[in-house]
Amino acid sequence: MKIIALSLLSLCCSLALGQKPLYDIVLKNGRVMDPETGLDAIRNVGITGNRIAEISSSELAGKQVIDVSNLVVSPGFIDMHAHGQTNKENEYQMHDGVTTAMELESGRGDMQKWLDSRKGKAILNYGASASHQWARTEVMAKSGNSTLDQVMNNQSNYAALKAEDLKPTLSLLENELYAGAIGIGVPIAYYPGATREEVYNVYALAADKKMIIFTHVREGKAMAIQQAISDAVTNGAALHIVHLNSVTLDEIDLALRMVSNAQQRGLNVSTELYPYTAGSTFLQSALFDEGWQKVLGIGYGDLQWVETGERLTESTFKTNREKGGIVIIHNMKPEWIDRGIAAPFTIVASDGMPYSKLAHPRSAGTFSRVLGLYVRERKVMSLMDGIRKITLMPATRLEPFVPSMHYKGRLQVGADADITVFDPTTIIDKATFEGGLKFSEGIRHVLVNGTLVLKNSTTIGEVYPGQPVYGKYKR
Ligand SMILES: [Zn+2]
């Protein structure tokens, strides 16, 4: 569905006076690419306030005119899976072309408080799902802990919810939806204490509210995908399976078939992955309980301690696990990732981690890696298809649950002026497992809601145009 022009009022007034409209910003002479309409042509883009006001082959007048010849003008990239939710991580993601970064896997506890904490201070647009893990802990243990590493560490992750605690947990989640949460985050691999019945009831709540579940499935690879799809379709809930690569490993082809077949049968199921052969998470989490070597198919030496970059041994595994912190898990084959990225129905999302110099490179390089490595160098897909996976696809996936997504992921008149301008001949990720986080190359300009946050590949600084992205129940 194309966006209807909304911001024509000022334009009409100027035209009536016989003046040429003066836009706030004009992006001049760029290769404008819009995956929804298929537009791929040299155009001038006029921006007024926070919206795209004009796209034209005629010259446009602007208070600020930026020559973007030989560069691609794309909708800003939308990341459905970003754990790092401060401006430190926002800056790395902005250099990777991201304009909206949402935490939908784990979600955020105490939604109102979290949204308030970022209001007027965020570089990028932000949003989060309601956290099932936090809600059940709140009801069971009343811990008051809501940060991600606190929630991961809680003993209640190993406890089943008591029968009398189910209703309060579900109503807490419902309240989080009213506070603006985007669906419900259900990373059940991190709280093995949750029974099938508890999880099934959370899916039922999502179905009842016509909302979406985001899940990091239990261990079990393709079998765990079947379980999630079954919970979703028998309840009638929408389902998004996060990082299909790291949860299905050598069973990714079967899992891709399951998702694709489900979609072809009209079932409301989607998935995403990130373009790297290693995962990353908290060492103190339930993922590293007894038997992790078998589940992840690796040994101690395949774990990289993010604080120092060193590979772990049995002894450093123990001491670091007690202390708590993040590891990188080297356990995937490049061909699994290739097939996942090439599948036309997969979305790319970063799973970007909280800032650390040696954090997983996906935190800084995911989107440039897709366009540089997979599109340009290895020709796995066309440039338009690469752009589609990181703009239109996440926007349309979320639109039924997040009305404002109608105005994102598109380079059209009336759309939000979230725009990424990049050089298709040089765009590439620079962050590595050995060298740590580095800004990507080739991202030239980034606008968030009509405000430049990156110009000539340089952070503007001290501008905070990021707006909250709310689920449809926001009151
Ligand atoms: Zn995860």
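Modeller: Before we look at any pair of helices, here is the cut-off for naming an angle: under 35 degrees is roughly parallel, over 145 is roughly antiparallel, 65 to 115 is roughly perpendicular, and the rest is oblique. Please keep in mind that this is a predicted model.

Biologist: Thanks! Let me try it on α4 and α6. At what angle do they pack?

Modeller: Helix α4, residues 132–141, packs on helix α6, residues 163–178, at an angle of about 135 degrees. Their axes are 9 Å apart. That angle belongs to none of the named ranges, so α4 and α6 are oblique to each other.

Biologist: Which hand does the crossing of α4 and α6 have?

Modeller: It is a right-handed crossing. From α4, the contact draws on His132, Ala135, Arg136, Glu138, Val139 and Met140, and α6 supplies Asp165, Pro168, Thr169, Leu172 and Leu173. Sorted by class, the contact residues of α4 with α6 are six nonpolar, two polar and three charged.

Biologist: Now for the next pair. How far apart are the axes of α6 and α7?

Modeller: The axes of α6 and helix α7, residues 196–208, are 11 Å apart, and the packing angle is about 35 degrees. The crossing of α6 and α7 is right-handed. In this contact, Leu166, Leu170, Leu173 and Glu174 of α6 meet Glu198, Asn201 and Leu205 of α7. The classes here are four nonpolar, one polar and two charged residues. Notice Leu173: this residue of α6 takes part in the contact with α4 and in the contact with α7.

Biologist: And α7 with α8? Why are those two called oblique?

Modeller: The reasoning is as before. The axes of α7 and helix α8, residues 222–235, cross at roughly 45 degrees and come within 9 Å. This angle lies outside the named ranges, so α7 and α8 are oblique to each other. α7 passes α8 in a right-handed crossing. Val199, Tyr200, Tyr203, Ala204 and Ala207 stand on the α7 side, with Asp231, Ala232 and Asn235 on the α8 side. Six of these residues are nonpolar, one is polar and one is charged.

Biologist: On to sheets. When I read one, I like to begin with strand order. What is the order in the eight-stranded sheet?

Modeller: The order is β6-β7-β8-β9-β10-β11-β12-β16; the sheet is open and its pairing is parallel. Next, look for the edges, which are β6 (77–79) and β16 (347–348), each pairing on one side only. As an example of a pairing, β16 runs parallel to strand β12 (residues 269–273), joined by two bridges. There, Glu272 has Ile347 in β16 as its bridge partner.

Biologist: Which strands make up the three-stranded sheet, and in what order?

Modeller: That open sheet runs β13-β15-β14, and its pairing is antiparallel. β13 (278–282) and β14 (303–305) each have a single partner strand, so one side of each has no neighbour in the sheet. On average, neighbouring strands here are turned by 25 degrees against each other, direction ignored. β13 and strand β15 (residues 326–330) run antiparallel and are joined by five bridges; Gly279 is partnered by Ile329 in β15.

Biologist: How is the protein divided into domains?

Modeller: The domain assignment gives domain 1 as 9–75 + 415–424 + 438–459, domain 2 as 77–276 + 332–401, and domain 3 as 278–331. The C-alpha centres of domain 1 and domain 2 are 31 Å apart. Their contact takes 20 residues from domain 1 and 23 residues from domain 2.

Biologist: Which elements of domain 1 give two or more residues to the side that touches domain 2?

Modeller: They are β5 (72–75), β17 (419–422), β18 (443–448) and β19 (451–455). β18 has the largest share, with three residues. By class, this side of domain 1 has eleven nonpolar, five polar and four charged residues.

Biologist: Let me finish with β5. Which strands does β5 pair with?

Modeller: With strand β1 (residues 22–33), β5 runs parallel over two bridges, and Val32 is matched with Val73 in β5. With β17, β5 pairs in the antiparallel sense over four bridges, and Pro75 stands opposite Ile419 in β17.

Key:
Residues are numbered from 1 along each chain as its sequence is written. This is a predicted model: local features need pLDDT of at least 70, side-chain atom pairs count only at pLDDT 80 or more; totals for chains, interfaces and linings use all residues. Axes are lines fitted to C-alpha atoms, for helices over the stretch in contact, and angles run from 0 to 180 degrees between N-to-C directions. A crossing is left-handed if the near helix is turned anticlockwise from the far one by less than a right angle, and right-handed if clockwise. Two residues are in contact if their C-beta atoms, placed from the backbone, lie within 7 Å. Ala, Val, Leu, Ile, Met, Phe, Trp, Tyr, Cys and Pro count as nonpolar, Asp, Glu, Lys and Arg as charged, and the others, Gly among them, as polar. Two strands pair if DSSP finds at least two bridges between them. Domain bounds come from an automatic or database domain assignment.
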